[in-house]
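Colleague: Hey, got a minute to walk me through this one? I'd like to start with a single residue and work outwards.

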Amino acid sequence: MRGSGRRLLAAVIGGTLVLAGCSGGGDGDNSPSRPASADLANKSAPHQPVPRGKGSKVPDDFNGDGARDLVLDALAHRGQGDDPGIGVVYGSRRGGLVPGARQLLTARANGARTKGELPAAFESEASCDLDEDGFTDLLVSTDPPYDGQGQPPVPLQLLFGSPTGLTGKAVKLQVPARARLGNDWADQPVCGDFDGDGAHDLVLHASGAHLTYLRGPFTRKGSPHAAGKPITAPGNDLATGAPAVDVNGDGYDDLVVREEGRASKGSLVLGGPKGPTRTGVLFPASTAVAFGAFGRGKGTDAALAAPGGIALRYDVPGAARGALAVRNATVYAGDLDGDGRSELVVGGGGPGEVWVYRGRATGLAANATATLVPSRGREGAVQVLKVADFDGDRRADLVVRTAWGQGRDRVEVYPGRAGAEGPVSREPGVTFSTEGFD
């Protein structure tokens, strides 16, 4: 199976970029230097070349240089009626994101045409190395032209990674007719190794309570290695937004499928030699789910966010349970302090705040261990973008975006840290805006 069974799933993105100054390095590794915290004061970041890579197994490493990259699906945008596109900020092996090494992906520049028309929407959906070349690929959702008659086109397109990152035109994901059902859009992609053969697969929504299972690896034309008939599923909605995770440690990735509705009951669908064909443990109603190693046992734990609070399930499919009285929140998981246990990151708990609950041997702390108030957080909408290790210190970092006013925003990266001071720094290590992203 590709990757560790302890991977964390979080269910639930022409001007200058306002941020720290970034200067090129001089050690010959082609990695841009990380901006020093003292430089984060209203300076513009000149463009830097995307460092060339040779391939890696690091997640979200589109240029294969061994450093994780950040996809930004939400960009500051002052225009009306058009999609600003998808931003990518590349990482550096020297430690962290380098906003000067950036690119903008748009339907006009990168989209594939359907019936001669470019898509109006271009939004990131999932990422994994689908063609096994050592460079992460990006799945993009579009809106191909459709007259409402018969089976609609597949709205998903693939941008392949390369030594210079995500470049060129996308190709349409090929979903064989035998793997489709009814007249629903083939969407909601989830990446994972569901059959344990080491290649990344894709699971999509088919129609009604059915899944489309596409076995990897995929060709550069977007075709899967194999695909069979749609699989019966315990619901219509897939928990998307991150790669799947091997919850029960059997060597096959699993995924969460919910019944139709914003806050609905869900089920863990278990992978196996034939893919995700078995229904496992049932979960309470939720809007988002995060898997991690929060404590109490050696297995994978789950945090399920719902309008009424956060339900905890320890050592899934064990019976140990808990709850956090945080309403209408979003949940993410990652080991911020490097102690082997995951922290739970909660967005929306307080106005303009992000709460962090520390993982312990006895389970998650009952109260937030750290509260972050991002810059301008009291004035705008705060969104957790990612919890992952961007600086290579084996501790997850917390990426938060605050948007306010007319097309203004700020993205801040808070480094994870060890010790008694808390699992995450209260000051960002990298700060930038996506205004005028180019």
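Colleague: Which strand does Glu-343 lie in?

Modeller: Glu-343 is part of strand E24, which covers residues 343–347. Keep in mind that this is a predicted model.

Colleague: Okay. Is Glu-343 buried or exposed?

Modeller: Glu-343 is buried, and yet it has no salt bridge.

Colleague: Which side chain of opposite charge is nearest to Glu-343, and how far away is it?

Modeller: That's Arg-358, at 4.5 Å. A salt bridge needs the side-chain nitrogen within 4 Å of a carboxyl oxygen, so the pair doesn't count as one.

Colleague: What polar partner does the side chain of Glu-343 have, then?

Modeller: There's a backbone one: the nitrogen of Leu-336 sits 2.8 Å from a polar atom of the Glu-343 side chain.

Colleague: And what does Glu-343 touch, leaving out residues up to four places away in sequence?

Modeller: Quite a list, including Phe-294, Tyr-332, Asp-335, Leu-336, Val-356, Arg-358 and Pro-423.

Colleague: Switching topic: sheets. In what order do strands E15, E16, E17 and E18 come?

Modeller: They form an open sheet of four strands, ordered E15-E16-E17-E18, with antiparallel pairing. E15 and strand E18 (278–286) are at the edges with a single partner strand each, so one side of each has no neighbour in the sheet.

Colleague: What actually holds strands together in a sheet?

Modeller: Backbone hydrogen bonds, in either a parallel or an antiparallel arrangement.

Colleague: How many bridges are there between E15 and E16?

Modeller: Two, in the antiparallel sense. Asp-237 stands opposite Arg-258 in E16.

Colleague: And how many join E16 to E17?

Modeller: Four bridges, with E17 spanning residues 264–270 and the two strands running antiparallel. On the E17 side, Arg-258 has Gly-266 as its bridge partner, while Val-256 is matched with Leu-268.

Colleague: What sits between E16 and E17?

Modeller: Five residues, and the two strands form a hairpin. Gly-261 in the turn has a positive phi of about 130 degrees.

Colleague: Which way do the side chains of E16 point?

Modeller: Leu-255 and Val-257 point one way, Val-256 and Arg-258 the other way, and all of them are buried. In a regular strand, side chains alternate between the two faces of the sheet.

Colleague: Where is Tyr-252 in all this?

Modeller: Tyr-252 is in the loop that runs between strand E15 (237–238) and strand E16 (255–258). Tyr-252 counts as partly exposed because its relative accessibility is 21%, and buried would mean under 20%. Its C-alpha atom is 8.8 Å from that of Asp-197, although the two are 55 residues apart along the chain.

Colleague: What about Gly-192, buried or exposed?

Modeller: Buried, with a relative accessible area of 0%. Gly-192 belongs to strand E10, residues 187–192. Beyond its neighbours within four places in sequence, Gly-192 is in contact with Ala-199, His-200, Asp-201, Ala-244 and Asp-253.

Colleague: One more sheet: what about E3, E4 and E5?

Modeller: Those three strands make an open sheet in the order E3-E4-E5, with antiparallel pairing. Strand E3 (70–72) and strand E5 (96–105) are the edge strands, and each pairs on one side only. From one strand to the next, the twist averages 25 degrees.

Colleague: How many bridges join E4 to E5?

Modeller: Six, and E4 covers residues 86–92. Val-89, for instance, stands opposite Arg-102 in E5.

Terms used: Residues numbered from 1 in each chain as written. Predicted model: local features only at pLDDT ≥ 70, side-chain atom pairs only at ≥ 80, totals over all residues. Heavy atoms only, no water. Pairing = 2+ DSSP bridges. Axes fitted to C-alpha atoms, helices over the stretch in contact; angles between N-to-C directions. Buried < 20%, exposed > 50% of the residue type's maximum accessible area, 1.4 Å probe, protein only. Lys, Arg positive; Asp, Glu negative; His and termini not counted. Polar contact = N/O pair within 3.5 Å; in protein donor to acceptor, adjacent residues only side chain to side chain. Contact = heavy atoms within 4.5 Å.
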